[in-house]
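Subject: Structure handover

Hello,

Here is the structure I promised to pass on. Please open it beside this email; my notes follow below.

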Amino acid sequence: MPVKVQRFIAILSVVLFAGKLWAWYITHSVAIFTDALESIVNIVTGFIGLYSVHLAAKPRDSNHPFGHGKIEFIASGMEGVLIILAGIFICYQAVYHLLYPRPLHQLDLGIVITAAAGLLNLLAGIYAIRKGRQYKSATIEAAGYHIRADAWSTFAILIGLGLLMLTGWQWLDSAVAIVFAVFIIFTGYKVLRKSFSGIMDESDEQLLEEVIGFIQQHRRPQWIDMHNVRVLQYGSVLHVDAHMTLPWYFHVREGEKEIHAVENLVTQQYGHKIEMFIHIDGCVPTSCKLCALHQCAVRTSPFQHTVNWNAANVWIDAKHQ
């Protein structure tokens, strides 16, 4: 399904570029040219994203033991760079036309064509963001934000062109283009920043809090402690690593049963594309005060309280005291 969504985005970008290019050709408006140039970026990133989503959907193999999901961060990073370059080029063109203005033609028809393209972009952007979040796809979500930003810039450009028609101030054409070139550059920076975070395995505290909060909600008394927890999202696959403290006298089958219980919990909540690696630690005497397992024949000290797991304390590589 993510491949179909990205294919739709790529094809739509070609259609909208053709429409905006026509609008620029008949009007000679640098603001409309700004919008058309943004659509070139949409085409390039759309097809790069299509390839990356297709590659990310491949299962892991001997050469890629964690799968191919990181390609999505690289693709979204390329998209961010192209967005920034487009914004810089738009600034250059706007300043040039401000210094050497050209007469505008058929603005009314150009505005109608551009407005239709902007409306389609807005709907497609909202759709892509929703689907990107649903399928945990950084590429599709980044494309959705880009397309939606493109739509808002289109509408703002139309406002500027409307004022130009009312006032006759031709410099508004370049001024509007410069303002939204800056907005486009800022959008590119945000997309690039998010892709770097993914490549560098930056912790997603919201996702970690969500996962560990769900496990805490369904916690069993024999799950004495959980620490050294790492949650990473590569494409549509969720990777969870953790150390879990169980009673030291549990034999292998009992420990395996508890691990599978945690895996089943997370799988039921987040879907089947999950890789979970849990290392078992045996409890130590200092664990007794935190252990809520009342039927324990080897307890050395009475239970006092449990440690509620959260994003702030489960990432530490040590048993809780």
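A residue is called buried here when its relative accessible area is under 20%, exposed when it is over 50%, and partly exposed in between. Please keep in mind that this is a predicted model.

**Strands**

By that cut-off, strand E2 (residues 237-246) is mostly covered, with eight of its 10 residues buried. E2 pairs with strand E3 (residues 274-282). The sense is parallel, and the pairing runs over nine bridges. To find the register, start at Val240: its bridge partner in E3 is Met276. When you look at the side chains, recall that in a regular strand they alternate between the two faces of the sheet.

Strand E1 has one backbone point to check. Asn228 is located in this strand. Its phi is positive, at about 50°, although Asn228 is not a glycine. Most residues other than glycine have a negative phi. Asn228 counts as buried, because its relative accessibility is 12%.

**Overall layout**

The chain has eight helices and three strands. Read from the N terminus, the order is α-α-α-α-α-α-α-β-β-α-β. Of the 321 residues, 50% are buried. Contacts reach far along the sequence: among those with a separation of 6 or more, 72% are between residues 24 or more positions apart.

**Cysteines**

How many disulfides are there by the distance rule? The count is zero. A disulfide needs two cysteine sulfur atoms within 2.5 Å. Take Cys288. The closest cysteine sulfur is in Cys283, at 6.2 Å, so the two are too far apart for a bond. Cys291 gives a similar picture. Its closest cysteine sulfur belongs to Cys296, 5.9 Å away, which is too far for a bond. Cys288 is buried, at 10% relative accessibility. Cys291 is buried too, at 6%.

**Salt bridge**

The count here is one salt bridge. The side chains of Arg220 and Glu258 form it, with 3.4 Å from N to O. This pair links distant parts of the chain, 38 residues apart. Arg220 is in the loop between helix H7 (205-217) and strand E1 (225-234), while Glu258 is in helix H8 (residues 252-270). Are the two partners buried or exposed? Glu258 counts as buried, because its relative accessibility is 4%. Arg220 has 33%, so it counts as partly exposed.

**Aromatic rings**

The structure holds three aromatic pairs. One of them is Phe8 with Tyr127. That pair is edge-to-face, with 5.9 Å centre to centre and 85° between the planes. It also links distant parts of the chain: Phe8 is in helix H1 (residues 2-27), Tyr127 is in helix H4 (residues 107-134), and 119 residues separate them. Phe8 is partly exposed, with a relative accessible area of 38%. Tyr127 is partly exposed as well, at 24%.

Tyr249 and Phe250 form another pair, also edge-to-face. Their centres are 5.8 Å apart, and the planes meet at 70°. Tyr249 is partly exposed, at 31% relative accessibility. Ring pairs join Trp248, Tyr249 and Phe250 into a cluster.

One charge over a ring is worth a look. Arg219 lies over the face of Trp309, at 3.7 Å from the ring centre.

**Inside helix H5**

Last, look at Thr154. Its place is in helix H5 (residues 138-167). Thr154 has 0% relative accessibility, so it counts as buried. What does Thr154 touch, not counting residues up to four places away in sequence? The contacts are Lys20, Asp35, Thr114 and Gly118.

Best wishes

Technical notes: Residues numbered from 1 in each chain as written. Predicted model: local features only at pLDDT ≥ 70, side-chain atom pairs only at ≥ 80, totals over all residues. Heavy atoms only, no water. Buried < 20%, exposed > 50% of the residue type's maximum accessible area, 1.4 Å probe, protein only. Helix = DSSP H or I, 4+ residues; strand = E, 2+ residues; numbered from the N terminus. Pairing = 2+ DSSP bridges. Salt bridge = Lys/Arg side-chain N within 4 Å of Asp/Glu carboxyl O. Phe/Tyr/Trp six-rings, centres within 6.5 Å; stacked < 30°, edge-to-face > 60°. Lys NZ or Arg CZ within 6 Å of the ring centre and 35° of its normal. Contact = heavy atoms within 4.5 Å.
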